[in-house]
Amino acid sequence: MSELTRPVTEVDAPDATTRAVRIEATNHDGSFLGKTVAPKKFTSGMNSGFAFADLLFGLDLGNAPAFGFAYPDWRGHLDDVWFRPDMSTRVEWEPGLDAVIGDYWLKDDTPVPICPRNLTKKMTERLASLGFTATVAVEIEATVFEESVHEARARGYRDLTPLGGSAGTAYHLAKSKDWTGYMHAVADRLDAVGIEWEAWSDEDAAGQIEINLAPGAPIPVCDAWARTRQIMREVAFDLGHTVTFMAKPTAGYGQASHINLSLQRDGVNAFYAEEGPSEAMRHAVGGLLATIEGNTSIVLPQITSYRRLVDLSGPPVTATWGISNKTTAIRAVCGHPSYSRLEYRVPGADANLYLALAGVLAGVVAGLEGKIEPPEPVSEMAWCMPPGEITRLPDTITKAAAALDADPILRDLLGAEFVDYWVGSRRWEWMQFHTAGGDPFSELSEWESARYFELP
């Protein structure tokens with residue numbers, strides 16, 4: 001019996017100091033959803049699960065039901081899906097309140113095929129069938145503003161004051177105490193719930209920060225990512241500020257969520273070789289490049305995600321890889337038995353890490369299984385390359401959705417039901433943008449700020 005479905009025992013039940021338990025999971029758009037239940041209710045549902053209406057996978061970020069694409073037989077009439085807690089994730093969130101992450105299952109005891117956490121598990125298991133385990137790390141970028149969330153809402157999320165001053169450029173220590181105070185408070189909360197972090201720093205845009213979580217196995221890192229973002233929001237609320245993970249919250253720099261990945265086989269880093277990229281690394285890169293256009297839809301999920309893709313502004317814009325080349329989409333770090341890894345640099349800060357990592361692992365699996373050799377690495381700057389010389393990443397939500405729809409590798413590995421659902425939901429997002437107030441000719445429309453500032 002897998003860890004997902006193991007019986008929960010009495011030792012897992014809340015103790016006398018617990019007044020409530022919050023059950024948590026992401027939806028497809030990366031919003032952190034859940035319920036807070038009484039201890040008695042949690043105990044009664046630990047094995048049977050907790051009912052959620054299937055609308056959690058049927059509503060868009062504007063709270064409208066998404067139409068125009070096929071519904072599987074378990075969706076469409078507000079039937080229940082079942083949240084199953086993973087008791088290994090249980091923490092004391094605050095005195096008297098516990099928190100548990102889980103995933104969604106159907107009544108026939110099969111996983112919901114579009115549940116983000118289930119997809120990450122599916123790809124992790126497929127990788128394990130090849131004899132590999134993955135170690136991953138994620139860089140979380142966000143922008144913090146002086147105003148409270150209430151004032152930000154009143155202003156339509158426009159003309160806000162960056163916390164810590166208006167100067168940009170990364171790594172500056174000359175920040176006002178409110179900026180460092182916010183980050184110290186975040187770090188304290190992470191420590192309190194057992195999330196290991198490695199570093200935080202000033203990022204390029206005014207008010208922007210980056211926090212690096214410790215490497216680990218895919219599911220624990222994704223769980224830590226979801227909780228870290230929640231903590232960053234809660235600390236901002238407590239201090240009278242607001243924080244956003246929107247891909248481009250202002251007309252300035254965008255925000256990323258780079259994924260670092262290495263593979264281990266028999267306890268040894270399979271990406272390391274003395275002469276450079278190992279065979280496993282080459283094949284992983286080959287698979288990632290073979291799927292990069294389709295995966296762009298998953299890792300750049302929203303309309304604003306594509307506003308980041310500007311030459312010379314930081315994000316990759318081409319389907320390229322290079323050794324220690326941060327202008328390419330995939331950066332290979334070579335030469336060390338511990339640190340040899342791949343950095344997948346396409347995801348925006350608004351990506352759902354569970355889905356982004358599932359897509360990345362699918363590309364890696366495809367490369368390993370098919371022994372896909374990549375093209376030669378790009379050694380020059382991968383921005384501003386002459387038209388036609390190299391493939392550019394899809395630069396709109398619909399182009400990326402079309403690429404995913406046509407990708408046989410991702411359709412096979414992630415499942416046709418997920419691909420059809422995701423493509424339909426992205427096309428719906430495009431239609432909402434063009435019919436409900438979005439402006440494709442502005443640097444950042446008011447519709448985008450209202451839709452994406454708080455929720456992804």
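Leaving aside neighbours within four places in sequence, with which residues is A134 in contact? The exercises below concern a predicted model.

**Exercise 1. Describe the surroundings of A134.**

Solution.
Step 1. Locate the residue: A134 belongs to strand β7, which covers residues 133-145.
Step 2. Assess its accessibility. The relative accessible area of A134 is 10%, so the residue is buried.
Step 3. List the contacts beyond four places in sequence. A134 touches L127, G216, A217, P218, L261, S262, L263, Q264 and L361.
Step 4. Consider one of these partners by distance. L261 is 127 residues from A134 along the chain, yet the two C-alpha atoms are separated by 6.8 Å.

**Exercise 2. Identify the residues that touch the most other members of the largest nonpolar core, and the element that gives the most to it.**

Solution.
Step 1. The largest nonpolar core has 127 residues, and those touching the most other members are Y104, Y182 and L263.
Step 2. Helix α8 gives the most to this core, with 13 residues.
Step 3. Take L263 as a case. Not counting residues up to four places away in sequence, L263 touches L127, F132, T133, A134, V268, N269, A270, F271, V364 and L368.
Step 4. Place the result in context: in soluble globular proteins, nonpolar side chains tend to be buried together.

**Exercise 3. Determine how helix α5 packs against helix α8.**

Solution.
Step 1. Two packed helices are described by the angle between their axes and the distance between the axes.
Step 2. For α5 (residues 218-238) and α8 (residues 353-370), the angle is about 150° and the axes are 9 Å apart.
Step 3. Angles over 145 degrees count as roughly antiparallel, and α5 is therefore roughly antiparallel to α8.
Step 4. The handedness of the crossing of α5 and α8 is right-handed.
Step 5. On the α5 side, the contact is made by P218, V221, C222, D223, W225 and A226, and on the α8 side by L353, Y354, L357 and L361.
Step 6. Sorted by character, the residues of this contact of α5 with α8 comprise nine nonpolar, no polar and one charged.

**Exercise 4. Carry out the corresponding analysis for helices α4 and α5.**

Solution.
Step 1. Helix α4 (residues 177-192) packs on α5 at an angle of about 130°, and their axes are 9 Å apart.
Step 2. The two helices α4 and α5 are therefore oblique to each other.
Step 3. The crossing of α4 and α5 is right-handed.
Step 4. From α4, Y182, A185, V186, R189 and L190 meet T228, I231, M232, E234, V235 and A236 of α5.
Step 5. The contact of α4 with α5 contains eight nonpolar residues, one polar and two charged.

**Exercise 5. Analyse helix α7: its packing on α8, and the settings of N295 and T296.**

Solution.
Step 1. The axes of α7 and α8 are 9 Å apart and form an angle of about 170°.
Step 2. That angle makes α7 roughly antiparallel to α8.
Step 3. In the contact, N295, I298 and V299 of α7 meet L355, A356, G359 and V360 of α8.
Step 4. The residues of the contact of α7 with α8 divide into five nonpolar, two polar and no charged.
Step 5. N295 lies in α7, which spans residues 292-299. N295 counts as buried because its relative accessibility is 0%.
Step 6. Apart from neighbours within four places in sequence, N295 contacts Y344, G359, V360 and L410.
Step 7. T296 also has its place in α7, and its relative accessible area of 1% means that T296 is buried.
Step 8. With neighbours within four places in sequence left aside, T296 is in contact with Y306, L393, P394 and A400.

**Exercise 6. Characterise D266 and C384, each of which has a positive phi.**

Solution.
Step 1. Recall the background: most residues other than glycine have a negative phi.
Step 2. D266 is not a glycine, but its phi is positive, at about 55°.
Step 3. D266 is placed in the loop between β11 (259-265) and β12 (268-269), and with 77% relative accessibility D266 counts as exposed.
Step 4. C384, a residue other than glycine, has a positive phi near 55°.
Step 5. C384 is found in the loop between α8 and α9 (397-405). At 47% relative accessibility, C384 counts as partly exposed.

Terms used: Residues numbered from 1 in each chain as written. Predicted model: local features only at pLDDT ≥ 70, side-chain atom pairs only at ≥ 80, totals over all residues. Heavy atoms only, no water. Axes fitted to C-alpha atoms, helices over the stretch in contact; angles between N-to-C directions. Helix = DSSP H or I, 4+ residues; strand = E, 2+ residues; numbered from the N terminus. Parallel < 35°, antiparallel > 145°, perpendicular 65-115°, else oblique. Left-handed = near helix turned anticlockwise from the far one by under 90°. Contact = heavy atoms within 4.5 Å. Nonpolar A, V, L, I, M, F, W, Y, C, P; charged D, E, K, R; others polar. Buried < 20%, exposed > 50% of the residue type's maximum accessible area, 1.4 Å probe, protein only. Core = buried A, V, L, I, M, F, W, Y, C linked by side-chain atoms within 4.5 Å.
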